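Hello,

Here is the structure I promised to pass on to you. Have a look at it first, and then read on for what I found.

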Amino acid sequence: MAVNSGRTLAEALGEGPVLLDGGLSNQLEAQGCDLSDALWSARLLADAPEQIEAAHLAYLRAGAQVLITASYQATFEGFGRHGLGPERTGALLAHSVELARRACGAARRADPRREVWVAASVGPYGAMLADGSEYRGRYGLTVRELERFHRPRVAALAEAGPDVLALETVPDLDEAEALVRVAEETGLPIWLSYSVAGGRTRAGQPLEEAFAVAAGRERVVAVGVNCCDPAEAEDAVRAAVAVTGKPAVVYPNSGEGWDAAARGWTGRSTFDPARVRAWTGAGARLVGGCCRVGPGRIKELAGLLER
């Protein structure tokens, strides 16, 4: 069952902005977790689930209204390479939802009027490869092949009862089409979020074509971008709203660059919480941060959204 017993997320988006959490991995690292494994934060679903719940709670204390689960890089194939069978993997995917639900439950016990939702993260095929290809796309797979890859874990996450499926950091429109088709089979609400660069998808497609994948899809409650440079967010939001007529979702990263070979971040942060006013003015209704945006920044966003 869903965590929130009041409005649906779609209803809330129809009335104003809703605050997402920030980057899970950076908060886990701040808590002392080692994320050097190829499974990244997904490994902690098996090894240290209490750390994931603690990270969720940190974002709720900062004012987040939506928690994104630790399932971005959790796949049957990825866990299989580490010796975990399908049954155990399915249980871990479900546990990612349960951990977020548990944290939300604690927040609602502290404030029964508080509205909180759980978004089950569905990362792209490239995230399973753990080689940075989620920032390139164009894997050489057909839409049907991508559907077959995504279907089992989407089904496992949906069975656990999140409020919404977050199809996030999608690098190209072929994978977006596959993900939306599979997610629609669950009957759950969906948001679709691309990773973009230079005003195009990571695979180089025009954003107008990419966002059109979500147009007319009843289950898609928001469409937009995440894990992109903050400077790209506003234009992307405007394009998403113009193409689809739907609320936009936007949660850029810190502005630093990811070095896949070195598995580290380079450059400096350019994330300015004050930009949230421009995002919401352009039609964003789900707003937050991605990689390297921590609870402190989410707290700043919460304060700005309350004004």
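How much space lies in the largest pocket? About 240 Å³. Please keep in mind that this is a predicted model, so everything below comes from calculation on that model.

Let's stay with the pocket for a moment. Its lining is made of 13 residues, and Pro17, Val18, Leu19, Gln65 and Leu305 are the closest to the centre. Two elements, strand S1 and helix H13 (295-306), each give two or more residues to this lining. H13 gives the most, namely three. Sorted by class, the pocket lining holds seven nonpolar, three polar and three charged residues.

S1 also takes us to the sheet. Eight strands make up an open sheet with parallel pairing, and their order is S1-S12-S9-S8-S5-S4-S3-S2. Why do S1 and S2 each have one side without a neighbour in the sheet? Strand S1 (18-19) and strand S2 (66-68) stand at the edges, and each has a single partner strand, so one side of each is left free of a neighbour there. For S1, the partner is strand S12 (residues 284-287): the two run parallel and are joined by two bridges. If you want to find this spot on your screen, look for Leu19, which stands opposite Val287 in S12.

At the S2 end of the order, you can look for a helix. Helix H6 (residues 86-110) lies across S2 and strand S3 (117-122), and the angle between H6 and S3 is about 160°.

Next come the cavities. There are three of 30 Å³ or more, and the largest contains about 270 Å³ of space. Its lining counts 23 residues, with Leu24, Trp40, Tyr72, Glu168 and Cys290 nearest the centre. Helix H2 (24-30) and strand S4 (164-170) are the elements that give two or more residues to this lining. By class, the lining of the largest cavity has ten nonpolar, ten polar and three charged residues.

One last residue to look at is Ser71, which sits in the loop between S2 and helix H5 (76-81). Is Ser71 buried or exposed? Its relative accessible area is 0%, so Ser71 is buried. Leaving aside residues up to four places away in sequence, Ser71 touches Leu93, Ser96, Ala120, Ser121, Arg153 and Leu157.

Enjoy exploring, and write back with any questions!

Best wishes

How values were computed
Residues numbered from 1 in each chain as written. Predicted model: local features only at pLDDT ≥ 70, side-chain atom pairs only at ≥ 80, totals over all residues. Heavy atoms only, no water. Pairing = 2+ DSSP bridges. Helix = DSSP H or I, 4+ residues; strand = E, 2+ residues; numbered from the N terminus. Contact = heavy atoms within 4.5 Å. Axes fitted to C-alpha atoms, helices over the stretch in contact; angles between N-to-C directions. 1 Å grid on protein atoms, 1.4 Å probe; cavity = no way out; pocket = protein on both sides within 12 Å on 5 of 7 lines; lining within 4 Å. Points joined across faces, edges and corners; volume = space filled by probe spheres on them. Nonpolar A, V, L, I, M, F, W, Y, C, P; charged D, E, K, R; others polar. Buried < 20%, exposed > 50% of the residue type's maximum accessible area, 1.4 Å probe, protein only.
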